[in-house]
Amino acid sequence: QVQLVETGGGLAQAGGSLKLSCAASERTFSVGVMGWFRQAPGKEREFVARLTWSSGITTYADSVKGRFTISRENTKNGVYLQMNSLKPEDTAVYYCAAKILSFGPWDYWGQGTQVTVSS
């Protein structure tokens, strides 16, 4: 069973930056897509960004476009999420996710890491 482990969450001021990392427990894991989701208190989990492994194509939610960047971490079969120009509404638990098939369901989830942005 592949495990995803997120690190890098914490507290930032509005306008600041944080970088999240996600590493898979197995380097031979056949990744199709990796991505990030977030869930704020009292809200449903929402999509943030995704990266298709074979093509490198990235997709972002409108709310983070131009501020967040998802990129590969090749040595650990993982991804980063660089978050710039943070806003208080970015406060949430951020989850890494992965799937084998690009058009299939998300197969694996991390445990989540808290990001808090103060105004």
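A disulfide joins Cys22 to Cys96, with the two sulfur atoms 2.0 Å apart. This is a good place to start a tour of the structure, which is a predicted model. The structure holds one disulfide, and the link between Cys22 and Cys96 is left-handed, with -75° about the S-S bond. Where do the two cysteines lie in the chain? Cys22 belongs to strand 3 (residues 18-24) and Cys96 to strand 9, so the pair ties together parts that are 74 residues apart in sequence. Both Cys22 and Cys96 are buried.

Now let us turn to the aromatic rings. A pair of aromatic rings is described by the distance of the centres and the angle of the planes. How many aromatic pairs does the structure hold? There are three of them. In one, the rings of Phe37 and Phe47 have their planes at 75°, so this pair is edge-to-face, and their centres are 5.8 Å apart. Phe37 sits in strand 4 (residues 33-39) and Phe47 in strand 5 (residues 46-52), so this pair ties together parts that are 10 residues apart in sequence.

Is Phe37 buried or exposed? Its relative accessibility is 9%, so Phe37 counts as buried. Phe47, at 28% relative accessibility, counts as partly exposed.

Phe37 also forms an aromatic pair with Trp106, and this pair is edge-to-face. The pair of Phe37 and Trp106 links distant parts of the chain, 69 residues apart: Phe37 is in strand 4, while Trp106 is in the loop between strand 9 (92-99) and strand 10 (108-109). Here are the values for the two pairs that involve Phe37:

| Pair | Centre to centre | Angle between planes | Arrangement |
|---|---|---|---|
| Phe37 and Phe47 | 5.8 Å | 75° | edge-to-face |
| Phe37 and Trp106 | 5.2 Å | 85° | edge-to-face |

Which residues make up the aromatic cluster? Phe37, Phe47 and Trp106 are joined by Trp109 in one cluster.

Arginines also lie over aromatic rings in this model. Arg45 lies over the face of Tyr95, at 3.9 Å from the ring centre. Likewise, Arg72 is placed over the face of Trp53, at 4.0 Å from the ring centre.

To bring the picture together, strand 9 holds Cys96 of the disulfide, and the loop that follows, between strand 9 and strand 10, holds Trp106. Trp106 is in turn part of one aromatic cluster with Phe37, Phe47 and Trp109.

Conventions:
Residues are numbered from 1 along each chain as its sequence is written. This is a predicted model: local features need pLDDT of at least 70, side-chain atom pairs count only at pLDDT 80 or more; totals for chains, interfaces and linings use all residues. Side-chain values use heavy atoms; hydrogens and water are left out. Rings of Phe, Tyr and Trp (its six-membered ring) pair if their centres lie within 6.5 Å; planes under 30 degrees apart count as stacked, over 60 as edge-to-face and the rest as tilted. Helices (H or I, at least four residues) and strands (E, at least two) are DSSP runs, numbered from the N terminus. Buried means under 20% relative accessible area, exposed over 50%, partly exposed in between (1.4 Å probe, protein chains only). A charge sits over a ring if NZ of Lys or CZ of Arg is within 6 Å of the ring centre and within 35 degrees of the ring normal. A disulfide is a pair of cysteine sulfur atoms within 2.5 Å.
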